[in-house]
Amino acid sequence: MTAQTQPVRLEVSDLTLAYGPTVIQRNVSFNVARGSIFAVMGGSGCGKSTLLKSLIGLLPPVTGTVQFAGESYWGASAERRVEIGRGFGVLFQNGGLWSSLSVSENVALPLRMFTRLDEASINMLVRLKLALVGLGPAADVMPAELSGGMRKRAGLARALALDPDILFFDEPSGGLDPITSKRLDDLILDLRDGLGATIILVSHELPSLLSIADAGIFLDAETRQPVAHGSPRELLETCDHPTVRAFMNRERMETVKNAGGHRNGS
Ligand SMILES: Nc1ncnc2c1ncn2[C@@H]1O[C@H](COP(=O)(O)OP(=O)(O)OP(=O)(O)O)[C@@H](O)[C@H]1O
């Protein structure tokens, strides 16, 4: 079964998002199929992170609905929203690690907070999650000692700690060199293909978008609404909206420029 024929995992209808009186986006509607990677695209400041916030419980929409597996998220009680949120795994832009905790303590944190597992079980799960992202040997390392790519992978291990139903990634490859970024993309594809994960991803890294996303939406900062729906490849090849074209061309130029750029370890 392809991603397109899978049941809908997330359904967003007619969202309006605002900070106080300032509307950031309106008329935002899309579906995400179970086991697919969905990209939220658009230029700087168009509202990608704001949309993500409204999906993970940090910003109530002004109007519209968000449904997970058919259940209205913002229509549910606060207690129920916490329960639904237990099924979310979130990877923040900089990895979002606690600097005073080692890598393994960071990954253990959600297990300690949200489960009644004993220490031995927590240790075993932490080892499993770190192995999954290739960070087994770095279990005792402090975040400050990690490279950018390792920090993202540690954040990913923590996002996976509670075996989430759905993963949200904010700029997973932002700030990484092309090789490290490609490794992270491969890891994200493994999560989809190996574990059947459903992933919502905010990104403006074109190579990454093209290689991993199955579908997506393009938000426009000027009109404050979505101007295109489709996979990044479809938008690149067929969309003639000027903002989308400008984004694709600019990101392509950036990619060419960065191809000879710096190389960090991962
Ligand atoms: N807490 C906030 N209060 C008021 N305005 C905000 C807040 N957070 C973001 N904004 C504004 O909302 C708009 C959208 O911001 P957002 O971070 O969602 O955009 P983005 O597309 O994720 O940008 P980028 O790609 O640069 O990260 C911007 O104009 C931003 O200044």
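Q: How many Å separate the centres of domain 1 and domain 2?
A: This is a predicted model, in which local features need pLDDT of at least 70, side-chain atom pairs count only at pLDDT 80 or more, and totals for chains, interfaces and linings use all residues. Residues are numbered from 1 along each chain as its sequence is written. Domain 1 covers 3-87 + 167-259 and domain 2 covers 99-164, with bounds that come from an automatic or database domain assignment. Taken over C-alpha atoms, the distance between the two centres is 25 Å.

Q: Which helix gives the most to the side of domain 1 that touches domain 2?
A: Ten residues of domain 1 are in contact with ten of domain 2, where contact means C-beta atoms, placed from the backbone, within 7 Å. Four residues on the domain 1 side come from one helix, residues 178-195; helices (H or I, at least four residues) and strands (E, at least two) are DSSP runs, numbered from the N terminus. That makes the answer helix 6.

Q: Where does the largest nonpolar core lie relative to domain 1 and domain 2?
A: A nonpolar core here is a set of buried Ala, Val, Leu, Ile, Met, Phe, Trp, Tyr and Cys residues joined through C-beta atoms within 7 Å. Buried means 20 or more other C-beta atoms within 10 Å of a residue's own, exposed means 12 or fewer, and partly exposed is in between, with C-beta atoms placed from the backbone. Of the 64 residues in the largest core, Val40, Ile199 and Leu201 touch the most other members. Domain 1 and domain 2 both give residues to this core, so it lies between them.

Q: Is strand 7 buried or exposed?
A: On one side of strand 7 are Ile166, Phe168 and Asp170, and on the other are Leu167 and Phe169. Five of the five residues in this strand (166-170) meet the burial criterion, so the strand is largely enclosed by the rest of the structure. Strand 7 is therefore buried on both faces.

Q: What is the bridge partner of leucine 167 in strand 8?
A: Strands pair if DSSP finds at least two bridges between them. Strand 7 runs parallel to strand 6 (residues 88-91), with four bridges, and valine 90 stands opposite phenylalanine 168. Strand 7 also pairs in the parallel sense with strand 8 (residues 198-202), over five bridges. Within that second pairing, leucine 167 is matched with isoleucine 199.

Q: Which strands are the edge strands of the open sheet in the order 2-1-4-5?
A: Four strands make up this sheet, and the pairing is antiparallel. Strand 1 (residues 8-19) is joined to strand 2 by eight bridges and to strand 4 by five. Two bridges join strand 4 (residues 63-68) to strand 5. Pairing on one side only, the edges are strand 2 (22-33) and strand 5 (71-72).

Q: Which glycine in the turn between strand 1 and strand 2 has a positive phi?
A: Strand 1 and strand 2 form a hairpin with two residues between them. Alanine 18 has valine 23 as its bridge partner in strand 2. In the turn, a phi of about 55° belongs to glycine 20.

Q: Which helix provides the largest share of the shell around the ligand?
A: The ligand is surrounded by residues including Tyr19, Ile24, Lys48, Ser49 and Thr50, where near means a C-beta atom, placed from the backbone, within 6 Å. Three residues of the shell come from one helix, residues 48-56. The helix with that share is helix 1.

Definitions and conventions: Two residues are in contact if their C-beta atoms, placed from the backbone, lie within 7 Å.
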